[in-house]
Amino acid sequence: MQVYSNKALSQEIIDWPVTMQRALMLAARVMSAAPNPRVGCVIVCAEGIVGEGWHSAAGQPHAEIEALRMAGNAARNATVFVTLEPCAHHGRTGPCADALIAAGVARVVIAGIDPNPAVAGKGIARLEAVGIEVAHLVDFEAAAQSLNRGYFKRRQFGRPWVTCKLAMSIDGRTALANGTSKWITGGEARADVQRLRARSCAIVTGIATVLFDDPSLTVRPAELQLSAEAQQVNALALRRQPLRVILDSKGRVPANARILGDGTGVKVYIGRESQAPSGLPAAVQVLPVAANRQGVDLLSVLESLASDFECNEILVEAGSTLSSAFISAGLVDELIVYIAPKLLGSDARALFEASGLTALTTAPQFELADVERFGNDVRLTLHPQYGKSD
Ligand code: AOF
Ligand code: ZN
């Protein structure tokens, strides 16, 4: 396989970086193809783009197949830009490498290598074995991985990408002293949370939130505020609800909790020594894991979500106790904090439950990755700098 950097490409007729960027853009319009990665594909011949495709949902044709369908005979001798190495295995669908070979393409340019052990390198090898040139655009490797950050994390580390979402007042409080937290932020921020849910494989919460707030934690397409194009592209993806996961070490979830719905897609993690909660809808799955006085072991839950349920990305939507436990355990990949211009006062609950810090140099730190306004609220996207201090 040839490895190309952007610099080495200035002599090419087809603008490789621009074309790969387009393939990434096509893939990124899909909110989630879970448990599969999001993949985009653009097929180019001397006259220009002849085919485009993206993977719209698990079980649907892969990006290359959609693009080949559009290109028809024009795919012969064409160059194919695809954001992930074409697959070489029979999964829910057939191998894309074989379809590309049958279509007679001349060259395949990829951005990322598929970490799926059934594919990793085998797709490239199969194409090269029949004389198709495979070029790896190394400058796009990071973009290919961040497009599918959860998929890569699960395949490489056996754990999902963890986003933790919290909403707070400008004085850093997440709920009144009496526990009331509905609603700190306004409608636009809440629509954004709906979009975060739609990207996730599972929404994880704690028993305290279930008992106090009784949320449903579902995706409600009418509340997503998507553009007409986004609605069309995501029509299939939005038929799927993320799993709803309750961390309930003592098995206290009541049978009439709203989050249970009819029980489909609901997982309850209880401590190994605890009794399963009674009277739950039959479809609810109760999973015993290690637990201590603080609750169920968070790492065990994450490993189970990745290996038992193929979760790529999960969203923790819980109160400050469970959210702080995830942060303190070093398990959060991205923290999303909505700030509402309200003051809740010093007896209200703080965002982060920890005390006793005596030096700023040892305070948990974050990199500010993004700031965006939603109506009257602000969203911070933060990346923990675990192990780093001033
Ligand atoms: C591609 N193009 O667009 C995608 C790929 O069960 P299947 O048949 O859908 O296969 C899923 C696996 O295929 C997934 O784990 C990943 O390795 C690869 N995804 N490959 O060539 C695509 N979505
Ligand atoms: Zn494929």
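This report walks through a predicted model, from its zinc site and ligand pocket to some backbone details.

## The zinc site

Let us start with the metal. Three protein atoms act as donors to the zinc ion (ligand 2): ND1 of His62, SG of Cys87 and SG of Cys96, at distances of 2.0 to 2.2 Å. Along the chain these donors follow the spacing H-x24-C-x8-C. Histidine 62 sits in the loop between strand 3 (48-54) and helix 2 (63-71), while cysteine 96 belongs to helix 3 (residues 96-103), so this pair ties together parts that are 34 residues apart in sequence.

What is the arrangement of the four donor atoms around the zinc ion (ligand 2)? The angles they subtend run from 99 to 118°, and the arrangement is therefore tetrahedral. Since anything under 20% relative accessible area counts as buried, histidine 62 is buried at 18%. Cysteine 96 is buried too, with a relative accessible area of 0%.

## The pocket of ligand 1

Around ligand 1 there are 20 residues, and the closest are His62, Ala63, Glu64, Thr93 and Asp114. His62 is thus one of the closest residues to ligand 1 as well as a donor to the zinc ion (ligand 2). Cysteine 87 also appears in both settings: its SG is a zinc donor, and one of its backbone N or O atoms lies 2.9 Å from an oxygen atom of ligand 1.

The table gathers polar contacts to oxygen atoms of ligand 1.

| Residue | Atom on the protein side | Distance to an oxygen atom of ligand 1 |
|---|---|---|
| Cysteine 87 | backbone N or O atom | 2.9 Å |
| Asparagine 116 | polar side-chain atom | 2.9 Å |
| Tyrosine 151 | polar side-chain atom | 3.0 Å |

How much of ligand 1 does the protein bury? Taken alone, ligand 1 exposes 520 Å², and the protein buries 97% of that area. Helix 2 and helix 6 (149-157) are the elements that give two or more residues to the shell around ligand 1.

## Serine 32 and its surroundings

Next comes a loop residue with several partners. Serine 32 is placed in the loop between helix 1 (16-28) and strand 2 (40-45). Is serine 32 buried or exposed? Its relative accessibility is 7%, so it counts as buried.

The side chain of serine 32 has a polar atom 3.1 Å from the backbone nitrogen of alanine 34. A polar contact of 3.4 Å also links the side chain of serine 32 to the side chain of arginine 240. Leaving aside residues up to four places away in sequence, serine 32 touches Arg38, Ser56, Ala198, Arg199, Ala237 and Arg240. Arginine 240 thus appears both in the side-chain polar contact and in the list of residues touched.

## Glycine 121

Glycine 121 is found in the loop between strand 5 (107-112) and helix 4 (122-129). With a relative accessible area of 30%, glycine 121 is partly exposed. Apart from residues up to four places away in sequence, glycine 121 touches Glu85 and Ile113. Its C-alpha atom is separated by 9.3 Å from that of proline 86, which is 35 residues away along the chain.

## Backbone details worth a look

Most residues other than glycine have a negative phi, and most peptide bonds are trans. Here are some cases of the other kind.

The peptide bond from alanine 34 to proline 35 is cis, with omega near 0°. Proline 35 lies in the loop between helix 1 and strand 2, and that loop also holds serine 32. Another cis peptide bond joins lysine 182 and tryptophan 183, with omega of about -15°. Tryptophan 183 is in the loop between strand 8 (173-175) and helix 7 (187-199).

Turning to phi, aspartate 214 has a positive value near 50° without being a glycine. Aspartate 214 lies in the loop between helix 8 (207-213) and helix 9 (228-233), and it is partly exposed at 23% relative accessibility. Glutamate 310, also not a glycine, has a positive phi of about 50°. Glutamate 310 is in the loop between helix 10 (298-309) and strand 15 (313-316), and its relative accessible area of 36% makes it partly exposed.

Last comes helix 11 (residues 320-328), whose buried residues are Ser320, Leu322, Ser323, Ser324, Phe326 and Ile327. Just after helix 11, glycine 330 takes a positive phi of about 75°.

Methods:
Residues are numbered from 1 along each chain as its sequence is written. Chains are lettered from A and ligands numbered from 1 in the order in which they are written. This is a predicted model: local features need pLDDT of at least 70, side-chain atom pairs count only at pLDDT 80 or more; totals for chains, interfaces and linings use all residues. Side-chain values use heavy atoms; hydrogens and water are left out. Donors are N, O and S atoms within 2.8 Å of the metal (3.2 Å for Na, K and Ca); water is not among the atoms, so sites may look incomplete. Four donors count as tetrahedral if all angles lie between 85 and 135 degrees; four count as square planar and six as octahedral if opposite donors are over 155 degrees apart and all others between 65 and 115; anything else is irregular. Helices (H or I, at least four residues) and strands (E, at least two) are DSSP runs, numbered from the N terminus. Buried means under 20% relative accessible area, exposed over 50%, partly exposed in between (1.4 Å probe, protein chains only). A polar contact is a pair of N or O atoms within 3.5 Å; within protein, one must be able to donate a hydrogen and the other to accept it, and residues adjacent in sequence count only if both atoms are side-chain atoms. Contact means heavy atoms within 4.5 Å. A residue is near a molecule or strand if one of its heavy atoms lies within 4 Å of it. Accessible areas come from the Shrake-Rupley method with a 1.4 Å probe; for residues, only the protein chains shown count as cover.
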